Amino acid sequence: MFWKIFIVFTALLGTIIPAMGIPTANITSNDPHETSNLQAGERYVFAHFMVGIVENYHLTDWITDMTTAQSIGIDAFALNCASIDKYTPTQLALAYEAAQQVNFKVFISFDFAYWSNGDTAKITAYMQQYANHPAQMQYKGGALVSTFVGDSFNWTPVKQGTSHAIHAVPNLQDPAAASSNSQRGADGAFSWYAWPTDGGNSIVNRPMDTVWDERYVRALGTGTYMAPVSPWFATHFNSKNWVFICENLPTLRWEEMLSIKPSLVEIISWNDYGESHYIGPYSANHSDDGSSQWAKGMPHDAWRDLYKPYIAAYKAGANKPTIEKDGLVYWYRPTPKGVTCPEDPMPAPHGFNMLGDSIFVATMLTSPATLIVKSGSNAPVRVEVGAGIVTSTAPMGLGGQVFEVVRDGKTVLSGRGGLDVKDRTKFYNFNVFVGGV
């Protein structure tokens, strides 16, 4: 369902961004330490959850997802929901019930690709129903609520019509609009810029930086900034067909969070298979909008192992994660970027030529060691890596992928990748296979 969101989102941005004056060029990276510690207070981590694809969820499905999220330190799901889905009330009720059972938290993220400024009464009714629920995420004395877009929605009448206090942190596309947003009852802002971009869905050929984060923090002042973290972005619908520069995001973006220390972090996403940035399990009970073409059989579960020490470090206010047990996490695409797919009715995704043909490995080590990557028929690549989390790369080779970590002449980790790299495929797939040793 999320692909529908971006049809509207992309169309909106085409007119909104120029009107707002969001910069689309000449963005330069500033020192990420400049904003360090400006967002003081207790820190929480959430995950964006697409309610629109779980029409068939039962209470047990919600409990499974929530306990899995809890195991790595996630505090709550941001429940992205649409006004048009008849099952939204049912699934929200199940989500709140499940969260209460397992001592998890949830909050609603109204998807304004479907909601409108005229839906104040309906939104108020939802907030009145759930703001004081035992499973509702509370922050700074109010029930947390967020959005996808919906920049111009006025939260003041919602607050007036809800008997419990509300802390509204909507998605704000232009950080410069923070002051006018606060006049509409918002208490902060959530950024969607989790990938390298000059604004909207523009694709830029540079690593992820903290320019947008810094703008939000400065514009919000003492307001709440909810920063986005995402490990990937690749999609291949006929309505949207692109890939962002995201290959080192699984670790780079968290390192940026440990530097700027925002009030809140929202992971994008738990289960948005359509955009390939899910970190949750591939659920059997989700509805398929066509994303199974690139998401089925492409697990991302090991990213949760990688995220866990980063989440703990972020909450502790630390500058780097603590590793207590050796491990590694790898990710790579199923084919080289230059593969051709004559049977695919669509071209390769926009931005694909900016990617490299590499195997990515994040070592999580208690002390220095040597990483050895054998990619297909390529010669083994040896990399000396230090303690902690270090991301290394090796040239992609066709065939099996083998990983080994050696310390003091002894192999401490070894394993084979769960997917062989091939030189042909029916459909373009710029998602990644993620695994661990």
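User: Which residues form one aromatic cluster together with Phe148?

Analyst: This is a predicted model, in which local features need pLDDT of at least 70 and side-chain atom pairs count only at pLDDT 80 or more, while totals for chains, interfaces and linings use all residues. Residues are numbered from 1 along each chain as its sequence is written, and side-chain values use heavy atoms, with hydrogens and water left out. Rings of Phe, Tyr and Trp (its six-membered ring) pair if their centres lie within 6.5 Å, and planes under 30 degrees apart count as stacked, over 60 as edge-to-face and the rest as tilted. The partners of Phe148 in the cluster are Phe190, Trp192, Trp195, Phe233, Trp242 and Phe244.

User: Is Tyr216, which forms an aromatic pair with Tyr225, buried or exposed?

Analyst: By the ring rule there are 39 aromatic pairs. Tyr216 and Tyr225 form a stacked one, at 5.4 Å centre to centre and with 15 degrees between the planes. Buried means under 20% relative accessible area, exposed over 50% and partly exposed in between (1.4 Å probe, protein chains only). Tyr225 has a relative accessible area of 0%, and since the value for Tyr216 is also 0%, Tyr216 is buried.

User: Which residue of E17 is the bridge partner of Thr370?

Analyst: Strands (E, at least two residues) are DSSP runs numbered from the N terminus, and two of them pair if DSSP finds at least two bridges between them. Strand E14 (residues 369-375) runs antiparallel to strand E17 (residues 401-407), and six bridges join them. In E17, the partner of Thr370 is Val406.

Notes:
Helices (H or I, at least four residues) and strands (E, at least two) are DSSP runs, numbered from the N terminus.
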